Amino acid sequence: MRYAGLMVCAAIVVLAGCGGGQQVPELVISGVWSRPVAVPAQDSAAGVADTPHAGFNGVVYLQVENRGGAADRLLRAEAEVCAVTELHETIMQEGRMRMQPVTNGLEIPARGRLELSPGGHHVMLMNLKRGLAPGDSIAVQLEFERSGVRTVFSHIRQP
């Protein structure tokens, strides 16, 4: 009888451990900042070509730390300060730095980190509706595959 009681206790401990250890992402977003970017108008005759987002744009940089046991994915971003918001990556192509949209989101590995920084991945703010003044801040919504939508405030820095 005593042995059966110990077995029941052991089973409860094992089951509790299985149920309590759900593998979920635990995201911590930090270091959010932005700056305006002036993009020259497209002029292939002058040698300035392939600038698909001419006008006044901006960028958002940040870090996402995932302290959880499951990966997550940054799917998209949204900001009211601009007409179009996209996730971008900077690549080197034919000796020139270029930006291109990220179509499948950006993974944040379990117990890992995603960094959006100058020269790498970033949130592109295209066709700004107003200027980005240093010292100001803007709201940016980040949509994650598993963690849903998070709103962060990005501090504007000097270009």
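Let me start with one contact: aspartate 136 and arginine 130 form a salt bridge, with the closest N and O atoms 3.2 Å apart. Aspartate 136 is partly exposed, at a relative accessible area of 29%, and arginine 130 is partly exposed as well, at 40%. Before going on, I should say that this is a predicted model, and what follows is computed from it.

That salt bridge belongs to a set. A search of the whole structure gives five salt bridges, and I will go through two others.

One of them joins glutamate 143 and arginine 76, at 3.0 Å from N to O. Glutamate 143 is in strand β9 and arginine 76 is in strand β3, residues 72-78, so this salt bridge ties together parts of the chain that are 67 residues apart in sequence. On accessibility, glutamate 143 is partly exposed with a relative accessible area of 28%, and arginine 76 is partly exposed with 42%.

The other is between arginine 67 and glutamate 65, where the closest N and O atoms are 3.4 Å apart. Arginine 67 is exposed, with a relative accessible area of 51%. Glutamate 65 counts as partly exposed, at 31% relative accessibility.

Glutamate 65 turns up again when we look at arginine 113, a residue of strand β7. Setting aside neighbours within four places in sequence, arginine 113 is in contact with Gln63, Val64 and Glu65. For arginine 113 and glutamine 63, the C-alpha atoms are separated by 7.2 Å, although the two residues are 50 apart along the chain.

Now the overall picture. The protein chain has one helix and ten strands. Along the sequence the helix comes at the start of the pattern, which reads α-β-β-β-β-β-β-β-β-β-β. The chain has 159 residues, and 32% of them count as buried. It exposes about 9400 Å², with carbon and sulfur atoms supplying 54% of that area. If we take the contacts between residues at least 6 apart in sequence, 69% of them join residues at least 24 apart.

On to the interior. In soluble globular proteins, nonpolar side chains tend to be buried together. Here, which residues of the largest nonpolar core touch the most other members? They are Leu74, Val81, Leu125, Val140 and Leu142, out of 26 residues in that core. Strand β9, residues 137-144, gives the core its largest share, which is four residues.

Leucine 125 is worth a look on its own. Leaving aside neighbours within four places in sequence, its contacts include Val59, Val60, Val81, Val84, Leu132 and Ile138. Asn57, Gly58 and Thr85 are also among the residues that leucine 125 contacts.

There is also a second, separate core of five residues, and its members include Val59, Tyr61, Met124 and Met126.

Tyrosine 61 brings me to the aromatic residues. A search of the whole structure finds one aromatic pair. What is the arrangement of the rings of tryptophan 33 and tyrosine 61? Their centres are 4.7 Å apart and their planes are at 45 degrees, so the pair is tilted. Tryptophan 33 belongs to strand β1, residues 27-39, and tyrosine 61 to strand β2, residues 55-66, so the pair ties together parts that are 28 residues apart in sequence. Are these two residues buried or exposed? Both tryptophan 33 and tyrosine 61 are buried.

Tryptophan 33 has a further partner. The charged end of arginine 157 sits over the ring of tryptophan 33, at 4.3 Å from its centre.

Last, two backbone points. Most residues other than glycine have a negative phi, and most peptide bonds are trans. Glutamate 94 is not a glycine, yet its phi is positive, about 55 degrees. Where is glutamate 94 found? It is in the loop between β4 (82-93) and β5 (96-101). Glutamate 94 counts as exposed, because its relative accessibility is 74% and the cut-off for exposed is over 50%.

The other residue is arginine 111, again not a glycine, with a positive phi of about 50 degrees. Arginine 111 is in the loop between β6 (106-108) and β7 (113-116). At 62% relative accessibility, arginine 111 counts as exposed.

That is what I have for today.

Notes: Residues are numbered from 1 along each chain as its sequence is written. This is a predicted model: local features need pLDDT of at least 70, side-chain atom pairs count only at pLDDT 80 or more; totals for chains, interfaces and linings use all residues. Side-chain values use heavy atoms; hydrogens and water are left out. Rings of Phe, Tyr and Trp (its six-membered ring) pair if their centres lie within 6.5 Å; planes under 30 degrees apart count as stacked, over 60 as edge-to-face and the rest as tilted. Helices (H or I, at least four residues) and strands (E, at least two) are DSSP runs, numbered from the N terminus. Buried means under 20% relative accessible area, exposed over 50%, partly exposed in between (1.4 Å probe, protein chains only). A charge sits over a ring if NZ of Lys or CZ of Arg is within 6 Å of the ring centre and within 35 degrees of the ring normal. Contact means heavy atoms within 4.5 Å. Accessible areas come from the Shrake-Rupley method with a 1.4 Å probe; for residues, only the protein chains shown count as cover. A nonpolar core is a set of buried Ala, Val, Leu, Ile, Met, Phe, Trp, Tyr and Cys residues joined through side-chain atoms within 4.5 Å. A salt bridge is a side-chain nitrogen of Lys or Arg within 4 Å of a carboxyl oxygen of Asp or Glu.
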